Amino acid sequence: MKKNLSRMGLPVGFLVLILLLLVPTPPDLSTAGHRMLAILVFSVIIWMTEAVAYPVSSGIIMSLMAFLLGTAPNMVNPSKMLGTSGALKMALGGFSSTALALVGAALLIAAAMMKTGLDKRIALVVLSKIGAKTHHVLAGVICVGFVLSFFVPSTTARVSCMVPIVMGIIAVFGVPRKSKFAAIMLIAVAQADSIWNVGIKTAAAQNMVALGFIEKQLGTTISWLDWFIAAAPFAVIMSVLLYFVLLKLMPPEMEEIPGGREKIAQELSALGPMKTDEKKLLFISVVLLFFWATEKIVHPFDTSSTTIVAVTLMMMPGIGIMTWKEVQERINWGTLLLFGVGISLGSAILSTKAGEWIAHVIVQNFGLYDATATFIIAILALFLILIHLGFASATALSSAMIPICISVLQGASENITLNVVGMVMILQYTICFGFILPVNAPQNMIAYSTDTFEVKDFIKTGIPLTVLAYLTILLLTNTYWKWLGLVL
């Protein structure tokens with residue numbers, strides 16, 4: 001079924017693109033805006049069907065923007081064409097974003113963690129403190145997801161670190177691979193990391209997409225600490241709920257695993273004492289975390305700039321812990337390409353007023369001009385959760401949907417008082433959900449590849465988790481986030 005969708009995705013995408021281009025341009029929408037909407041729908045189709053690899057989709061989208069916008073009237077001077085050169089600048093605009101620099105630097109930090117093994121040591125140290133009772137091990141796995149999210153700014157890297165550790169523990173414990181214990185451990189690895197993608201600004205690339213749009217379109221920079229203060233309570237609540245949902249729906253076959261603590265100690269002992277490179281990386285990471293957390297309080301330096309300094313030190317002769325050749329082998333450059341094009345796509349949707357036009361339609365049809373802030377969040381969050389079912393990349397989803405959310409909120413704010421920046425942040429949290437299907441996030445697929453659980457197991461725990469997350473969003477919107485001034 002998935003292969004059929006992938007095979008049909010590209011021709012269907014181009015067919016829909018052509019049909020949309022043939023539709024007469026609405027009188028209140030520019031030609032460039034009309035064409036950007038067609039490109040957006042095309043992008044959503046090929047991203048949802050995974051018709052081509054994400055880096056290839058980036059090249060297609062840039063090409064479409066260059067030629068379709070290049071032959072459209074200039075937004076500033078409609079008597080002239082924008083030209084392919086001007087349109088290509090728009091298509092490449094996302095690559096000059098500070099958010100892109102932060103994502104690139106984050107990938108380097110994740111590569112350094114994997115190269116030195118510091119991520120594995122952190123995970124094992126946390127697990128060594130929890131004992132061998134199965135519910136303690138589950139709590140430990142969730143806790144490791146929390147701790148690693150501070151130091152490893154890549155969800156895929158964090159899960160890639162945790163999966164072999166948990167699988168090794170399962171094997172040595174003598175627990176069957178298809179047991180409920182094994183299943184909830186691996187599901188917890190994926191879901192806990194998704195939850196803490198919300199809690200920590202630097203934990204996931206999709207957050208950088210939203211922050212890039214907020215900075216460029218709304219002129220506001222959100223510090224690491226501001227994000228943490230707003231989002232961490234949600235992640236803490238959801239971590240606790242994850243623990244109880246898994247124990248309730250998939251209770252482990254045993255209460256305690258014989259020799260569990262000894263096995264973890266053995267794994268930790270096998271690592272030996274901390275190597276020099278690990279110590280260097282830990283020092284750099286802790287100092288960087290300090291700079292992140294004290295941005296705008298102790299110093300004026302933004303997150304992207306301090307992170308670039310940190311990764312530069314990691315590769316400096318005599319100081320560094322890895323060479324550029326080692327970096328090249330460990331970085332998924334396609335992620336950066338998708339990220340840059342995603343920002344360009346969203347920025348073009350906004351600059352051509354296409355987002356404003358969609359927003360006007362949405363606001364009118366849902367009666368959001370007279371709605372409360374809670375109702376607006378409820379509608380948009382539900383929409384994002386449902387559309388995420390068709391996406392395998394939260395970065396792609398954020399690139400496509402956050403510009404539209406910004407336009408909707410700006411349109412609604414003309415009649416009611418809203419904190420547009422704060423509400424965009426809240427909607428970005430829902431883009432991180434991806435709790436229902438293994439294909440909704442790379443971290444889910446890594447856990448699923450262990451063959452410890454079935455898709456139905458993930459869905460069985462993911463649906464109630466998503467419902468609880470949605471209700472928690474609404475609860476905090478009416479309480480904590482309102483008190484912080486994020487809503488009104």
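Mentor: Let's start with a cut-off: a residue is called buried when its relative accessible area is under 20%. Keep in mind, too, that this is a predicted model.

Trainee: Thanks! Then why is Ile-60 called buried?

Mentor: Ile-60 has a relative accessibility of 18%. The limit is under 20%, so Ile-60 with its 18% counts as buried. This residue lies in helix H3, which covers residues 54-70.

Trainee: Which residues is Ile-60 in contact with, leaving aside neighbours within four places in sequence?

Mentor: Contact needs heavy atoms within 4.5 Å. With those neighbours left aside, Leu-10, Phe-14, Phe-42 and Val-52 are the contacts of Ile-60. For a view across the chain, take Ile-426: it is 366 residues away from Ile-60 in sequence, and their C-alpha atoms are separated by 31 Å.

Trainee: Helix H3 also holds Leu-64. What makes Leu-64 count as buried?

Mentor: The relative accessibility of Leu-64 is 14%. Set against the limit of under 20%, that value places Leu-64 among the buried residues. Beyond four places in sequence, Leu-64 is in contact with Phe-14, Leu-17, Ile-39, Phe-42 and Leu-69. Phe-14 and Phe-42 appear in the contacts of Ile-60 and in those of Leu-64. Between the C-alpha atoms of Leu-64 and Phe-339 there are 17 Å, with their positions 275 residues apart in sequence.

Trainee: And Thr-430: buried or exposed?

Mentor: Buried: Thr-430 has 1% relative accessibility, and the limit is under 20%. Thr-430 sits in helix H20, residues 420-431. Not counting residues up to four places away, it touches Ala-381, Leu-384, Ile-385, His-388 and Ile-473.

Trainee: What share of the protein chain is buried?

Mentor: Of its 488 residues, 56% are buried. As for the surface, the chain exposes about 19,600 Å², with 68% of that supplied by carbon and sulfur atoms.

Trainee: How many helices and strands does the chain have?

Mentor: There are 23 helices and zero strands. The radius of gyration is 23 Å, close to the 23 Å from the globule rule for 488 residues, so the chain is as compact as a globular protein of that length. Along the principal axes, its C-alpha atoms fill a box of roughly 75 × 50 × 50 Å. Among contacts with a separation of 6 or more, 77% join residues 24 or more positions apart.

Trainee: How do you know where empty space is left?

Mentor: A probe the size of a water molecule is rolled over the atoms, and this shows where empty space remains. What makes a space a cavity is that the probe fits but cannot get out. Three cavities reach 30 Å³ or more here.

Trainee: Which residues line the largest cavity?

Mentor: Its lining consists of Ile-385, His-388, Leu-389, Phe-433, Gly-434, Phe-435, Ile-436, Asn-440 and Thr-466, around about 40 Å³ of space. Two of these, Ile-385 and His-388, are also touched by Thr-430. By class, the lining has five nonpolar, four polar and no charged residues; Gly counts as polar, so Gly-434 belongs with the polar ones.

Trainee: And which residues line the second largest cavity?

Mentor: Ile-109, Phe-150, Phe-151, Ser-285, Leu-288, Leu-289 and Trp-292 do. Helix H7 (134-151) and helix H13 (276-293) each give two or more residues to this lining, and H13 gives the most, with four. The split is six nonpolar, one polar and no charged, and the space inside is about 40 Å³.

How values were computed
Residues are numbered from 1 along each chain as its sequence is written. This is a predicted model: local features need pLDDT of at least 70, side-chain atom pairs count only at pLDDT 80 or more; totals for chains, interfaces and linings use all residues. Side-chain values use heavy atoms; hydrogens and water are left out. On a 1 Å grid over the protein atoms alone, a cavity is a set of points where a 1.4 Å probe fits but cannot get out, and a pocket is an open set with protein on both sides within 12 Å along at least five of seven lines; lining residues have an atom within 4 Å of a point. Grid points are joined across faces, edges and corners, and a volume is the space filled by probe spheres set on the points. The radius of gyration is taken over C-alpha atoms; the globule rule is 2.2 Å times the number of residues to the power 0.38. Buried means under 20% relative accessible area, exposed over 50%, partly exposed in between (1.4 Å probe, protein chains only). Accessible areas come from the Shrake-Rupley method with a 1.4 Å probe; for residues, only the protein chains shown count as cover.
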